[in-house]
Amino acid sequence: MQIWRPLTATFYFPVGPGTGFLYLVNLYFLYQYSTRLESGAFDGRPADYLFMLLFNWICIVITGLAMDMQLLMIPLIMSVLYVWAQLNRDMIVSFWFGTRFKACYLPWVILGFNYIIGGSVINELIGNLVGHLYFFLMFRYPMDLGGRNFLSTPQFLYRWLPSRRGGVSGFGVPPASMRRAADQDGGRRHNWGQGFRLGDQ
């Protein structure tokens, strides 16, 4: 009944001569992509962002218990990065040594990179799978496939962290039908006519 273990396993990382660089790299990923999510797709909606973190963390804790994992920081960071990469999948990102590719491949490139410098991919793989689970249930299945919405942010989180007006309200690109209508209209506003001047008979 040591209920603090999931928290300490998430925030603790053994920094040493062989793990110091990996720790710094993962801190950079956490700052970079968590900030981009907060100021991008989740802008003005802190409750939704907190719910994403809680859902990913709970899934990682359950997986960690099943697989006897002692450290949960890297899977949580990778799950956040995976969600950002899927929401910005067509963005071109730069990685080490000037390599450039689409953001949707970034979590798997990092998995390979961490295998080279750390020798294990279990943490990264679990993080990617948990991030994919959240993205699929929250966005892909209900929005793209027309399925049931299995995940929704609890109302008490909205009471604690109310949404701010002016935030980003949508994800991805408009539906194809709206894009076709805009293309046919030429991007112009609705033609309301010329009207009548005051005094005309």
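**Exercise 1. Find the contacts of threonine 10, then place the residue in its surroundings.**

Step 1. Leave out residues up to four places away in sequence: threonine 10 then touches Trp57, Leu72, Met73 and Leu76. Keep in mind that this is a predicted model.

Step 2. Locate the residue. Threonine 10 lies in helix H1, which covers residues 5-11.

Step 3. Is threonine 10 buried or exposed? Its relative accessible area is 5%. Buried means under 20%. Threonine 10 is therefore buried.

Step 4. Look for polar partners. The side chain of threonine 10 reaches the backbone oxygen of proline 6 at 2.6 Å. A polar contact of 2.8 Å also joins the side chains of threonine 10 and tryptophan 57. Trp57 is also on the list of residues that threonine 10 touches.

**Exercise 2. Classify two aromatic pairs and check whether their members are buried.**

Step 1. Start with the total. A search of the whole structure finds 15 aromatic pairs.

Step 2. Take phenylalanine 29 and tyrosine 33. Their ring centres are 6.3 Å apart, with 45° between the planes. Planes under 30 degrees apart count as stacked, over 60 as edge-to-face and the rest as tilted. This pair is tilted.

Step 3. Where do the two residues sit in helix H2? H2 spans residues 20-39, and the two are four residues apart in it. They are therefore separated by about one helical turn.

Step 4. Check burial. Phenylalanine 29 has 4% relative accessibility, so it counts as buried. Tyrosine 33 is buried too, at 6%.

Step 5. Now take tyrosine 134 and phenylalanine 139. Their ring centres are 6.0 Å apart and their planes stand at 85°, so the pair is edge-to-face. Tyrosine 134 is buried, with 1% relative accessibility. Phenylalanine 139 is buried, with a relative accessible area of 6%.

Step 6. Widen the view. Ring pairs link Phe51, Phe55, Tyr134, Phe135 and Phe139 into a cluster.

**Exercise 3. Describe the largest nonpolar core and name its sources.**

Step 1. Count the members. The largest nonpolar core has 46 residues.

Step 2. Which residues touch the most other members? They are Leu37, Phe42, Leu106 and Tyr134.

Step 3. Trace the helices. H2, H3 (46-67), H4 (73-87), H5 (106-118) and H6 (122-144) each supply at least two residues of this core. The largest share comes from H4, with 11 residues.

Step 4. Zoom in on leucine 106. Set aside its neighbours within four places in sequence. Leucine 106 is then in contact with Tyr33, Leu81, Trp84, Val93, Phe95 and Phe101.

**Exercise 4. Summarise the whole chain and compare it with the UniProt record.**

Step 1. How many helices and strands does the protein have? It has eight helices and two strands. Along the sequence the pattern is α-α-α-α-β-β-α-α-α-α.

Step 2. Turn to burial and surface. Of the 201 residues, 35% are buried. The protein exposes about 13,400 Å², and carbon and sulfur atoms supply 61% of that area.

Step 3. Turn to contacts. Count those with a separation of 6 or more: residues 24 or more positions apart account for 61% of them.

Step 4. Read the record. An unreviewed UniProt entry places "transmembrane region" at residues 12-31, 52-85 and 105-137.

Step 5. Test two of these stretches against the model. Residues 12-31 are 60% helix and 0% strand, with the end C-alpha atoms 16 Å apart. Residues 52-85 are 85% helix and 0% strand, with the end C-alpha atoms 14 Å apart.

Key: Residues are numbered from 1 along each chain as its sequence is written. This is a predicted model: local features need pLDDT of at least 70, side-chain atom pairs count only at pLDDT 80 or more; totals for chains, interfaces and linings use all residues. Side-chain values use heavy atoms; hydrogens and water are left out. Rings of Phe, Tyr and Trp (its six-membered ring) pair if their centres lie within 6.5 Å; planes under 30 degrees apart count as stacked, over 60 as edge-to-face and the rest as tilted. Buried means under 20% relative accessible area, exposed over 50%, partly exposed in between (1.4 Å probe, protein chains only). A polar contact is a pair of N or O atoms within 3.5 Å; within protein, one must be able to donate a hydrogen and the other to accept it, and residues adjacent in sequence count only if both atoms are side-chain atoms. Contact means heavy atoms within 4.5 Å. Accessible areas come from the Shrake-Rupley method with a 1.4 Å probe; for residues, only the protein chains shown count as cover. UniProt positions are given in the numbering used here, feature names are shortened, and annotations may be inferred rather than shown by experiment. A nonpolar core is a set of buried Ala, Val, Leu, Ile, Met, Phe, Trp, Tyr and Cys residues joined through side-chain atoms within 4.5 Å.
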